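Biologist: I am new to this model and would like to look closely at a single part of it. Could you take me through that part slowly, explaining each term as you come to it?

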Amino acid sequence: MKTGKIKGNAFERVIKKEFHNRRDDVGFMPGDDAALFDAADESKTLMATETVTHAYTQVEQIALTRAINNLYASGGMPRAVQLAITVPTSYEEAELRKMMRRVDAFCERHHVQLAGGHTEAADAVNAPVVTAVAVGAVKKEEYLSAHKLQGGLELVLAGEIAKEGTLVLLERMEDALREHFTGTFLKRARERMLELSIEKAASLAKKHGAVAMHDLAGGGVFGALWEMADAAGVGLEVDLKAILIAQHSVEICEYAGMNPYEMASSGSVLIAVKDGFDLVEELTQQGIAAAIIGKTTDGNDRILRNGEEIRYLDLPKVDELYKLDTYEK
């Protein structure tokens with residue numbers, strides 16, 4: 001298997017073909033951000049899982065954030081999280097204690113309960129590997145799925161892309177970046193990237209009648225656009241220049257030789273809505289960068305426009321952060 005996320009024909013053969021719905025009270029389709037459980041009342045249970053393998057000091061924060069963001073993108077609210085953590089045998093107990101303190105602070109900040117998990121040390125890994133499971137609830141009529149997409153919807157991007165990836169680059173390439181950029185530039189870059197939750201944006205999107213949402217985690221905005229359209233079998237027309245990205249990310253990614261449009265972008269969310277203008281206006285008023293970047297279409301073409309230039313969106317590629325393993329060797 002190739003490095004990174006299983007996708008394309010391999011995804012169809014290995015995952016989708018072997019997937020079966022076996023219970024009436026559990027709803028899930030490959031491509032959805034979370035599974036839907038019928039709680040036999042006015043709400044249904046949501047679950048989502050994320051595994052993060054970045055060699056990054058606060059890897060558990062990224063895993064937890066990605067997991068609960070999946071629930072927000074599905075129209076729900078998280079209630080509990082579970083963690084499976086595998087650390088190298090060289091990992092110090094004090095470091096693991098710091099990680100668990102950060103987990104506790106995360107749970108307090110997001111009003112969720114840590115509800116179990118598993119932690120072990122193994123020779124098979126050289127950096128912590130964290131899997132987070134988020135469990136929450138959604139009202140039946142508020143559940144959002146990319147499979148509900150249809151042509152003629154506007155696509156709103158809330159939050160600047162590449163924030164998660166930029167945070168990882170700031171740590172993994174710290175010495176090299178300090179030789180190229182000023183300390184003030186790097187400090188401001190880190191501060192701008194820290195907020196990775198989409199809770200507020202997702203809440204406002206629901207208020208404005210969002211049909212579907214998709215958070216931008218591994219694979220970046222290009223990967224998310226493809227996954228969202230592919231789940232419903234619709235086309236896209238997207239204005240590349242409308243996609244929001246901080247200048248700090250542009251410069252750091254350019255220095256690192258990485259494409260920010262194909263880089264982990266937790267903190268950003270794609271929103272499909274009938275009328276995006278009012279949503280963008282309220283998001284902006286609430287301090288969230290937002291823009292209408294395109295629309296869904298009835299065909300199958302996924303078109304990227306860059307001024308007069310037109311090209312077609314490709315199958316999602318391996319997240320750019322995997323290049324760090326090559327860079328550091």
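Modeller: Strand 7 (residues 154-158) pairs with strand 10 in the antiparallel sense, over 5 bridges, where a strand is a DSSP run of type E with at least two residues, numbered from the N terminus, and two strands count as paired if DSSP finds at least two bridges between them. This is a predicted model, in which local features need pLDDT of at least 70 and side-chain atom pairs count only at pLDDT 80 or more, while totals for chains, interfaces and linings use all residues. Residues are numbered from 1 along each chain as its sequence is written, and side-chain values use heavy atoms, with hydrogens and water left out.

To place the pairing with strand 7 on the sequence, one can start from Ala158, whose bridge partner in strand 10 is Val269. Strand 10 also pairs with strand 8 (residues 212-215), again in the antiparallel sense, here over 4 bridges, and in this pairing Met213 has Ile271 of strand 10 as its bridge partner.

Turning to the side chains, Val269, Ile271 and Val273 point one way from strand 10, whereas Leu270 and Ala272 point the other way, and all of them are buried, meaning that each has under 20% relative accessible area, calculated with a 1.4 Å probe on protein chains only. Because 5 of the 5 residues of strand 10 (residues 269-273) are buried, this strand is largely enclosed by the rest of the structure.

Terms used: Buried < 20%, exposed > 50% of the residue type's maximum accessible area, 1.4 Å probe, protein only.
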